Amino acid sequence: MGQALARCGGGGYFQVMRILHLSDTHLDRAGGPDADGADGTAALRLLLNELQHLDDLDAVVVTGDVADDGSREAYTRAGELLSDYAGRRGAEVFYTTGNHDERTAFGEVLGSGHRQPEAAYQGAAGERAAVSTVGGWRLITLDTLVPGKGYGRLDNGQLDWLRELLATPAPLGTVLAFHHPPVALDVDVQRALGLQNHADLAETIRGSDVQLILCGHFHLQILARLEQATVSVVPGVVSRIDLTVRPGAERAVHGPSASLVHLGTLHGPLIHTLHARDPRMGETVYEADEAEMHDVIKRLGPSQLA
């Protein structure tokens with residue numbers, strides 16, 4: 001494992017945990033480029049190859065949209081690539097579901113998303129959450145998937161389960177990981193397709209030892225706060241969103257990215273973004289105009305926004 005000690009200003013030491021956070025790999029059954037030229041398998045392989053010298057890791061966390069088509073083949077390939085990368089570094093891999101994932105196939109291949117969870121939750125609709133402890137830090141993955149929609153929601157059962165877990169503090173603190181961010185920029189599609197009951201989550205973690213929340217979904221980097229916790233949204237592996245596009249439109253570009261998270265440091269959490277050297281970096285994958293994005297929100301957002 002990559003657990004290390006860092007000297008603090010008073011002469012003592014912090015126990016440091018390092019997490020490689022990635023999201024939105026969007027692998028599919030075929031393992032090749034889609035109609036727009038985006039290739040989740042190639043992007044993930046490129047990213048992991050670019051990070052070959054990143055050896056000191058405790059965990060790899062994948063916050064959803066592991067598969068683009070919900071196929072067993074996609075989950076199997078993702079598991080093989082990521083387990084090989086993490087295993088050579090003595091790190092565990094943890095997965096959550098995203099809006100493109102399919103719970104049955106995800107569960108058949110990746111289980112709860114934890115190799116050996118200490119506890120797990122399964123809801124009536126198949127929602128799954130799990131908890132593991134890594135080097136004194138408690139890592140909890142949650143399921144925000146709403147089948148057939150683009151937005152996310154945490155069911156009451158998960159929130160009650162989370163509340164019960166948080167009643168007992170972890171030795172060093174708690175990290176939450178899930179797909180849909182509980183925060184959004186001033187962007188219509190983000191507000192419509194983020195975590196809809198973020199206020200319920202805020203109430204659940206208020207005053208607890210949750211220090212960090214890891215999310216994906218938006219395919220771009222955002223740093224924010226929810227109650228006492230830092231929220232870190234990581235850019236996508238298959239593509240990232242370019243916010244220089246005109247308001248109301250959306251442009252996705254090539255360039256796989258991930259974040260390296262340092263917990264337990266003097267000024268932690270310390271988070272920085274890692275960009276693979278993609279020959280097509282910055283080239284357009286797709287661009288949708290305002291009318292197309294309005295249709296996306298109408299089809300995939302909550303019914304009251306239609």
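These legends accompany four close-up views of a predicted model.

**View 1. The open sheet and its edges.** Seven strands form an open sheet with mixed pairing, and their order across the sheet is β5-β6-β7-β8-β9-β11-β10. At the edges stand β5, residues 119-122, and β10, residues 222-226, each of which pairs on one side only. From one strand to the next, the twist averages 20°. As background, the strands of a sheet pair through backbone hydrogen bonds, in either a parallel or an antiparallel sense.

**View 2. The pairing of β5 with β6.** Edge strand β5 is joined to β6, which covers residues 128-134, by 4 bridges in the antiparallel sense. Within this pair, Ala119 is found opposite Val131 of β6.

**View 3. Helix α6 across the sheet strands.** Helix α6, made of residues 198-205, lies across β8 (173-177), β9 (210-215), β10 and β11 (229-233), and the helix runs at about 60° to β10.

**View 4. The nonpolar cores.** The largest nonpolar core holds 33 residues, of which Ile140, Leu176, Leu201, Ile205 and Ile213 touch the most other members. At least two residues of this core come from each of β6, α4 (156-166), α6, β9, β10 and β11, and α4 gives the most, with 5 residues. Leaving aside residues up to four places away in sequence, Ile213 touches Leu176, Phe178, Ile205, Leu226, Ala229, Thr230, Val231 and Ser232. A second core, separate from this one, has 32 residues, including Val62, Tyr85, Val93 and Val237. In soluble globular proteins, nonpolar side chains tend to be buried together.

Methods. Residues are numbered from 1 along each chain as its sequence is written. This is a predicted model: local features need pLDDT of at least 70, side-chain atom pairs count only at pLDDT 80 or more; totals for chains, interfaces and linings use all residues. Side-chain values use heavy atoms; hydrogens and water are left out. Two strands pair if DSSP finds at least two bridges between them. Axes are lines fitted to C-alpha atoms, for helices over the stretch in contact, and angles run from 0 to 180 degrees between N-to-C directions. Contact means heavy atoms within 4.5 Å. A nonpolar core is a set of buried Ala, Val, Leu, Ile, Met, Phe, Trp, Tyr and Cys residues joined through side-chain atoms within 4.5 Å. Buried means under 20% relative accessible area, exposed over 50%, partly exposed in between (1.4 Å probe, protein chains only).
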